[in-house]
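This report goes through one chain, helix by helix. It begins with model confidence and then turns to individual residues.

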Amino acid sequence: MATGQSAQAVCHGLFTNLLNPKVAVMYLSLLPQFINPLHGNVLSQSLLLGFSQIAISLLVNTLLLLLAGRMAAFLAGRPLFLQLQRWLMGGVLGLMAVHLARQGQR
């Protein structure tokens, strides 16, 4: 994937997540139980908790991305693994087809 396409994909994913109403509902339902008005400004506590969660998620997702990239590069150079992967996925899909066919007969 070219650099321009990568940046475009990242921006698309970012805006999709930022505009997702499920995220806002999750924050509005989850964070209030950790906020205590006696400990200071409620908005400050909300922002601190939200940004803390975002920072931790960004760190974990970045580590997963780097690990997945290294694993993909390592496994791409292994033709035996690629062949095994094809056979395994073909077997799984074949078993699913048999299961669906049997379900349709009932």
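## Confidence

The model is predicted. Mean pLDDT over the chain is 87, and 97% of the residues reach 70 or more.

Confidence is lowest in helix α1 (residues 3-18), where the mean is 79, and highest in α4, where the mean is 92. Where pLDDT is low, the predicted coordinates should not be read in detail.

## Helix α2 and its cap

Helix α2 covers residues 21-30 and has 10 residues, of which the number buried is 1, so the helix lies largely in the open. Its N-terminal end is capped by N20. A side-chain oxygen of N20 lies 3.0 Å from the backbone nitrogen of K22.

## Helix α3: Q45 and L67

Helix α3 runs over residues 42-76 and includes Q45. Q45 has a relative accessible area of 15%, and because buried means under 20%, Q45 counts as buried. Leaving aside residues up to four places away in sequence, Q45 touches F34, I35, N36, H39 and G40.

L67 also belongs to helix α3. Its relative accessibility is 48%; the partly exposed class ends where exposed begins, at over 50%, so L67 counts as partly exposed. From L67 to G94 the separation is 27 residues in sequence and 30 Å in space, taken C-alpha to C-alpha.

## Helix α4 and the nonpolar patch

V92 sits in helix α4, which spans residues 79-105. With a relative accessible area of 35%, V92 is partly exposed.

V92 is also one of the residues of a nonpolar surface patch of about 480 Å². The other contributors to this patch are L88, M89, L93 and M96. An α-helix has 3.6 residues a turn, so residues three or four places apart point the same way.

## Summary of the positions

In brief, Q45 is buried, whereas L67 is partly exposed at 48% and V92 is partly exposed at 35%. Helix α2 lies largely in the open, and the nonpolar patch that includes V92 has an area of about 480 Å².

Conventions: Residues numbered from 1 in each chain as written. Predicted model: local features only at pLDDT ≥ 70, side-chain atom pairs only at ≥ 80, totals over all residues. Heavy atoms only, no water. Helix = DSSP H or I, 4+ residues; strand = E, 2+ residues; numbered from the N terminus. Buried < 20%, exposed > 50% of the residue type's maximum accessible area, 1.4 Å probe, protein only. Contact = heavy atoms within 4.5 Å. Patch = residues over 30% accessible without salt bridge, like charges linked within 9 Å, V, L, I, M, F, W, Y side chains within 5 Å. Areas by Shrake-Rupley, 256 points an atom, 1.4 Å probe, with all protein chains shown as cover. Salt bridge = Lys/Arg side-chain N within 4 Å of Asp/Glu carboxyl O. Polar contact = N/O pair within 3.5 Å; in protein donor to acceptor, adjacent residues only side chain to side chain. pLDDT = per-residue confidence, 0-100.
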